[in-house]
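Okay, everyone, thanks for coming. Have a look at the screen, and I'll walk you through a sheet and what sits around it.

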Amino acid sequence: MRLILAFEHVRRFVGAHAQVVTELAQRLGRRGHEVTILCDTVTDPALYPDLHFIARRPFHVGGSHRPAMLHFWARRVLASRPHDLVLSFHPAIAGEVMVPLFGFDFGPDRVRRGGWRSLAQWFDPRRMESRWIGRRSRRDGRVRCVAALSEGMRESLLDAAPEIEGLLRLVPGASPIEPPAEDAARRALGEETRAILRLEPTDIVFLWAAKAPHQKGGAAVLRAFSEVAALGHPSARLIMACEDPWPMHDLAVDLDCDERLRLVSRTREMERLLAAADIGVMPAERSMLGRFVWECLAFGVPVIANTKTAGTERMRDPQERVAGRVVSSTRPEALREAMIGLLNAAHLDAARRSAQAIAPSMRFDLFVDRIEALAREFARRR
């Protein structure tokens, strides 16, 4: 098939949503499809020698973001380029299959850019309406399917726009950040990373990772961890990975747990941290994607998550046992109790076995299979 994958900015960041698009394009290309990525900007096409890009602008300048320009430019390009299907990961560009790839929900505020509740209002069977193009509607019969990558995303989309129910499909997502194929290689990677971070083999390592320190409950995790440390659990350690980590460092000093904290900036080798971790912690209350949950489960790492965190529906093994803990609150005391529970060796072993049973279902190739099946179903041969 001749596939066009549409997105916004393609940046060379591990963990960026663009990584899902570029990795998907590479794997679909290896399966024999002709794949083009249509986007506003790409940081450096030379970094992707096996991919073909059509970009509106040669460089991404600052925070410039003009979805109206992207919308009308993409329409002209798509009208002039033969293709069988457009898989769009950004709402400014209409495709037969829309796969929204934003992870943060602004909750009840439906006006702010990026909120899923406003995003959902842009889809209906015959029209895509975007607040980003000045509240103007453009009728476009192209959209035939909207793929929600998590149960939380599906519920949020339906809550905002019940009329899209007939278009909506639940297509469980996965992350291209995966463990080595061999268990021995994964263990070696974890041991090497622990040595670099000065962690002992007997340490129980919690891992929290997000783009920014103020997102995904980072402060609540650190406060809960400080209480765990104060209660006398000498083996507990916490790794936090984010952009601009210094606010977390200052808070850790105030909470007197900085010696047990390993603070790193956003890393290109996220698989190292996942291989080194024993327990993931992601109590996000407004997560619509669940990538960190997917990644932990793919590495066989149990997770402490919030009932509102996307991806928690994937935390049950075939025997319906939870691979970690799902808490109903992000208060530090709730997270503290969940952490203490998994510091118990028997509880941790049981949670780890459940996560390892789930791990094969989190492979990115299975997600590629699902997307390829959607593409075959909705492709319009010309």
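Let's start with Phe-206. Skipping its neighbours within four places in sequence, Phe-206 is in contact, meaning heavy atoms within 4.5 Å, with ten residues you can click on: Phe-225, Ala-236, Arg-237, Leu-238, Ile-239, Ile-279, Val-281, Ile-304, Met-339 and Leu-343.

Quick caveats: this is a predicted model, where local features need pLDDT of at least 70 and side-chain atom pairs count only at pLDDT 80 or more, while totals for chains, interfaces and linings use all residues. Numbering starts from 1 along each chain as its sequence is written, and side-chain values use heavy atoms, leaving out hydrogens and water.

Now, which residues touch the most other members of the largest nonpolar core? Leu-5 and Phe-206, out of 112 residues. A core here is a set of buried Ala, Val, Leu, Ile, Met, Phe, Trp, Tyr and Cys residues joined through side-chain atoms within 4.5 Å, and buried means under 20% relative accessible area (1.4 Å probe, protein chains only).

On to the sheet. Six strands (DSSP E runs of at least two residues, numbered from the N terminus) form an open sheet in the order β15-β14-β13-β16-β17-β18, with parallel pairing. To pair, two strands need at least two DSSP bridges between them. At the edges you'll find β15 (261-264) and β18 (324-327), each pairing on one side only.

Zoom in on β17, residues 303-306: four bridges join it to β18, and the two run parallel. There, Ala-305 stands opposite Val-326 in β18.

Key: Buried < 20%, exposed > 50% of the residue type's maximum accessible area, 1.4 Å probe, protein only.
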